[in-house]
Amino acid sequence: MVLRSPERSDAHAVHGLIQQCPPLDLNSVYTYLLLSEHFADTCLVALRGGQLDGFVSAYLPPQKTDVLFVWQVAVHQRARGLGLGGHLLRSLLARPAARQARYVETTVGPDNASSRRMFQGLAGHLNAPMHESLLFDRSLFGPSAHEDERLIRIGPF
Ligand SMILES: CC(C)(COP(=O)(O)OP(=O)(O)OC[C@H]1O[C@@H](n2cnc3c(N)ncnc32)[C@H](O)[C@@H]1OP(=O)(O)O)[C@@H](O)C(=O)NCCC(=O)NCCS
């Protein structure tokens with residue numbers, strides 16, 4: 001398994017992976033190009049045998065420089081349940097670009113059990129508390145059906 005920062009040439013494959021990973025919102029290929037262009041230091045792709053098995057996108061919010069905000073984590077069906085999701089998160093935190101982070105924040109849908117377990121596992125690994133609150137109420141998404149996005153905050157670590 002190779003873990004590295006995404007490159008421009010990965011954007012189309014990342015888009016294809018996200019498409020196969022509900023309930024994640026599918027963003028445009030252009031969004032994934034921007035992530036590889038401007039946020040590559042805080043994103044990772046996981047490749048095995050040339051196939052894209054995993055992806056995580058994150059950034060340091062400009063007003064909260066001690067926070068690493070994890071945007072999307074995706075593991076292909078063929079690679080699930082093997083610890084890759086947790087491995088991607090821990091590897092991201094070990095990178096120089098995340099050195100200043102004392103908190104990890106992310107949003108998780110109320111029914112996403114695997115994602116919740118993954119972030120609980122990260123909190124355990126970091127020996128840090130985990131706090132949950134509502135960030136984006138479903139009404140903010142307009143008429144399209146969308147779940148609440150609940151903020152999970154892990155830290156300080
Ligand atoms: C969430 C996701 C990234 C997890 O990837 P993964 O590589 O299978 O995760 P891990 O193997 O590291 O497992 C993390 C934990 O979740 C648990 N888990 C895995 N699948 C589960 C499921 N379907 N239901 C409940 N728990 C589950 C694992 O047992 C593990 O817990 P443990 O450490 O206590 O044993 C993957 O399921 C996925 O891509 N889902 C679709 C997209 C998504 O929801 N992304 C997260 C939102 S940002």
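The following exchange looks at helix H2, the nonpolar cores and a cavity in a predicted model.

Reader: What makes Thr-31, Tyr-32, Leu-35 and Ser-36 count as buried in helix H2?

Author: Buried means under 20% relative accessible area, and these four residues of H2, which spans residues 29-38, are classed as buried. They cover an arc of only 135 degrees around the axis, and therefore they lie on the same side of H2.

Reader: Which residues does the face of H2 turned away from the buried side carry, and why are they called exposed?

Author: That face carries Tyr-30 and His-38, and they are called exposed because the word stands for over 50% relative accessible area.

Reader: What do the buried residues of H2 pack against?

Author: They pack against helix H1 (11-19), strand E3 (51-59) and strand E4 (67-75).

Reader: Why is the set that includes Val-56 and Phe-119 called a nonpolar core?

Author: A nonpolar core is a set of buried residues of listed kinds, Val and Phe among them, joined through side-chain atoms within 4.5 Å, so the name fits this set, which has 25 residues and is the largest such core. Helix H3 gives the most to this core, with five residues.

Reader: What makes the lining of the largest cavity mostly nonpolar or mostly charged?

Author: The lining consists of Pro-6, Asp-10, Ala-11, Val-14, Tyr-32, Leu-35, Ser-36 and Phe-55. Because Asp counts as charged and Pro as nonpolar, Asp-10 falls in the charged class and Pro-6 in the nonpolar one. By class there are six nonpolar, one polar and one charged residues, so the lining is mostly nonpolar. H2 gives the most to it, with three residues.

Key
Residues are numbered from 1 along each chain as its sequence is written. This is a predicted model: local features need pLDDT of at least 70, side-chain atom pairs count only at pLDDT 80 or more; totals for chains, interfaces and linings use all residues. Side-chain values use heavy atoms; hydrogens and water are left out. Buried means under 20% relative accessible area, exposed over 50%, partly exposed in between (1.4 Å probe, protein chains only). Helices (H or I, at least four residues) and strands (E, at least two) are DSSP runs, numbered from the N terminus. The arc is that of the directions from the helix axis to the C-beta atoms. Contact means heavy atoms within 4.5 Å. On a 1 Å grid over the protein atoms alone, a cavity is a set of points where a 1.4 Å probe fits but cannot get out, and a pocket is an open set with protein on both sides within 12 Å along at least five of seven lines; lining residues have an atom within 4 Å of a point.
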